[in-house]
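Biologist: Please take a close look at one part of this model, the helices and how they pack. Then carry on to the strands and one loop residue.

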Amino acid sequence: MSNNIKVVCRFRPPNALELKETGGESIVSIDAEGTTVKMKGQESMKGPDSQGFTFDRAFQMDTKQEEVFEYGVRGIVDDVMNGYNGTVFAYGQTGSGKSHTMMGPDIDNNELKGIIPRITEQIFASIMASPPNIEYLVKVSYMEIYMERIRDLLAPQNDNLPVHEDKARGVYVKDLTDFYVSSSLEVYEIMRQGGNARAVSATNMNAESSRSHSVFVITVQARHTETGTQKTGTLYLVDLAGSEKIGKTGATGQTLEEAKKINKSLSALGMVINALTDGKSSHIPYRDSKLTRILQESLGGNSRTTLIINCSPSSYNESETLSTLRFGMRAKSIKNKARVNAELSPAELKALLKKAQRDHANAGAYIGLLEQEVGIWRTGGSVDKEQWATMERALGLAPGELEKLVGPGGTAAPPPLPPKAQGSGSSTPRVPALERVGEGEVSRPMTPSVERDEREEWLRRENDLGDQLAKAESQVIDQEKLIRELRDEVAALKDSESSASNENKSMTGELSDLRLQLERLVYESKEAAITTDAMREQNSDLAGELEEMRKTMNDLKLSQKSVSQEGKDKKKAEKMAAMMAGLDTGGMSEKEAEIRASLARLDDAVSADRALSQEDLALLRRQLEESQILVREQQDKSKQVNEENEILTRRKDELEQRLATLESEYEELLDKTIQDDERADTDLSANVQDIKNKLEAQYAMKLEAALNDASDLKQQLELKAQENKSVTATLDTLRGNHAELERAFKITAAGIEGGKSLAESAKDMERVRKTMAAQLAEFDTMKKSLMRDLQNRCEKVVELEISLDETQEQYKNVLKNSNSKAQQRKMDFLTRNLDQLTLVQKQLVEQNSSLKKDVAIAERKLIARNERIQNLEALLQDAQEKLNVQNLKFEERLQSVRERLDQAREQNKNTSNVNSNLNFGRIAKPLRGGGEAAEPTSVDAKRSSTFFSRPGSFFAGGGARS
Ligand SMILES: Nc1ncnc2c1ncn2[C@@H]1O[C@H](COP(=O)(O)OP(=O)(O)OP(=O)(O)O)[C@@H](O)[C@H]1O
């Protein structure tokens, strides 16, 4: 039965972009019948396009989903339920509303849901309404054609399925997973699962644009449970990829490749339509693309097909809309030959067998007759023309009877055996479908120039080749993937190699830098050593200078000391002079001289035996008185000396006490000064310590000297006491002498007065004289010793005073040390000098040590760097070795990955039938309706049940509507 493709056109409302670009103005007008579309755009006004495009139906922008379904699709679903194949195509540019039409924006929304949900619902509604003696099996599959590869969306790992064709099934996709479904919800779930697996890539025109063709297949098998007859209707729901020109999508690179391939299948579709409609092509290029190959039956074959062309009403997409409308127009004239896909029941098969057996028996009888005739002819005999072997004669029919049976112009096909020849004689009804099978009628377009007998073999071979091709393609793809991975790996390795070489370079650079640094360090080290030596020399020079300065300082100190000693001596001499000046020895000497002169005169008088004159006596008396006065004076002086001695002793004690006080004060002050100095400058602590030590040494010396002096003074005091005693004794003696002199004078005076002899007087005088002389000598000696003693004492006192002065001076100096500016300056100067010297020395020492350290560090660094260089070289070598090892490992791993991949593929193939998410659909679920066979509820129900409600009607050809 021939039927044209139904083409409907649907316009969508202008989208945001179009509103923005053109203000939403529509350039489309549809006539009152709703069949002809006219475009008002510039391009459309030229040529035949200006006449408009007439379709089965043209839908306005505001057409409801239901309307499109009712007009364009419902009939096809009915036919599918009746065992016909059906196809619904959605064609149009990206964003023209294909998905909107096919699926709809919301499955659960009654108004908005698209064709596919409505089809699903209608199928199950029809099943529910069908009589219970018809058993249905509904199964679905979902695939995508992307980049000329068929991917199973319900088992996405199968991404390059081959297309097969055989006599029984026609064209089909091998190994495509199908799921049995028993409700719309299950269908939706499967669609969702498949939709998730779709390859979607955004383009500039529509963010949700799909650049793959999707094909949703619903197969409905209906089996009459009583007769066993079965028919199968397959519905293809095809959402084609965007038909726009590549330039407009802004596709480049990979997307451009995709677009080209997609366009290849779309242009193949166009070529097929052209070939089908131009009326002269003997070859239809179905095999040019996977899409046209799968849809071979839908285009010019065994299918009821509706093409929905989706268009934009805006001038912005005018050229795309025009090309879409032209496509629709061309497709409109395609003629299909839809037929029911029925399978023979056992009874039909039996009838067929019987017919074949009968034909065989007829042929056998005819052959036997012919052989008989041939035998006659061969033996030279002849057979009358009337007796020639014919089928009629073989079958025992009257002449012309066979023609009556098969009809005029019939073929030489043997007529059915007469009832007698049919054995049982049971009548088998004529089955047109069986006759078609017997006649080899095939509604599918046949491959030209291939003999029908060879066709099966040819298809088998083609299928095998298709399998091999798919396998090879998969292998190629895998290989390409592998190559890509290997390329990536190689690139990564190259990168790592280049980075390693860069690292190597940088390390080499670093190495050379390090070497340079090393050389520089060696050079610097040498220089430092030289500098150190020079510094050492300078240091020793400076140490010498320091030593000299110290010596000079000591000399200066000594000279200062000697100067002060000289001054001290001078001072001492002066003091001694002043002290000694106080001691009036001259008077005594004069008196002594006078006494001595008187004694000499007395001696002279005694020796001359002359009597002493009154003058002499008066003189003697006077001298005696004077002597007495002198003695008294001497006594006074002695007393005075004693007193002075006591005073001196006291003063000495005082001085000693003061010295002790001063010493303690000095110590305190020294400590204080040192502490102050230490606090003020801890760096000077060493110097202060030096000074302190020196001062302490000086102090110890002075203390020792003072103690020595004190002990000397004690000794001298003892001596003095002894001398005092001796002076006292002398004084006593002198007193005795004086008393004796007085007595002698009295005697003399009495003698003179009493008339004693001169001789006695002379003797007495002599005695007195001798005594006096002895006493004088004694006195002289004593005087000398006293003078010596006095001088010594004076010296000691002076020394003590000087020592005291010095101590005071020192004390003052110490005081000044903290106060005196000059001293401070001097001290500061000296300290500075000392500091500077110390600093210089320190610096030199530090420089020296730092240089030594630097040299040591440099040497260490050098060693470390050398080690690092060696390490780095070793690491580099290691890395290269590792790289090689890794390379080998990688290759091994790659090999194992390949093997595992192959294994996984194998397993996948085996397990592809198991889908955890869709585990409800792998078992056939026969569905039976609860509808009344005799009273169908609707036209559709009628359609779906006509077949089986009247068994005879099946064989009478419950044909699809044309
Ligand atoms: N008839 C319509 N009524 C209202 N909106 C529509 C209609 N047709 C399409 N649209 C809207 O236009 C936009 C694009 O539609 P859709 O996605 O169906 O285009 P498409 O042709 O399937 O695109 P693609 O080729 O990318 O799949 C969507 O937002 C959709 O809702």
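Modeller: The helices come first, then the strands, then the loop residue.

This is a predicted model, so local features need pLDDT of at least 70, side-chain atom pairs count only at pLDDT 80 or more, and totals for chains, interfaces and linings use all residues. Residues are numbered from 1 along each chain as its sequence is written, and side-chain values use heavy atoms, with hydrogens and water left out.

Helices (H or I, at least four residues) and strands (E, at least two) are DSSP runs, numbered from the N terminus. Start with helix H6, residues 184-197. Its 14 residues should span 20 Å at 1.5 Å a residue, and its end C-alpha atoms are 20 Å apart, which agrees. The expected span is 1.5 Å times one less than the number of residues. Buried residues in H6 are Ser184, Glu186, Val187, Tyr188, Ile190, Met191, Gly194 and Ala197. Buried means under 20% relative accessible area, exposed over 50%, partly exposed in between (1.4 Å probe, protein chains only). Their cover includes helix H5 (115-129) and strands S8 (134-146), S9 (149-152), S12 (179-180) and S13 (213-224).

H5 also meets helix H3 (residues 74-81). The axes of H3 and H5 come within 10 Å and cross at roughly 45 degrees. Axes are lines fitted to C-alpha atoms, for helices over the stretch in contact, and angles run from 0 to 180 degrees between N-to-C directions. The two helices are therefore oblique to each other. Angles under 35 degrees count as roughly parallel, over 145 as roughly antiparallel, 65 to 115 as roughly perpendicular and the rest as oblique. On the H3 side, Arg74, Val77, Asp78 and Met81 meet Ile119, Gln122, Ile123, Ser126 and Ile127 of H5. Contact means heavy atoms within 4.5 Å.

Now the strands. Two strands pair if DSSP finds at least two bridges between them. An open sheet of 3 strands runs in the order S3-S4-S5, with antiparallel pairing. S3 (28-30) and S5 (53-54) stand at the edges with a single partner strand each, so one side of each lacks a neighbour in the sheet. S3 is joined to S4 (residues 36-39) by 3 bridges. Ser29 has Lys38 in S4 as its bridge partner. Elsewhere, S10 (residues 163-166) and S11 (residues 170-173) pair antiparallel over 4 bridges. They form a hairpin with 3 residues between them.

Last, Ser314. Ser314 lies in the loop between strand S15 (304-311) and helix H10 (318-332). Ser314 is buried, with a relative accessible area of 1%. Not counting residues up to four places away in sequence, Ser314 touches Glu18, Thr22, Glu25 and Ile27.
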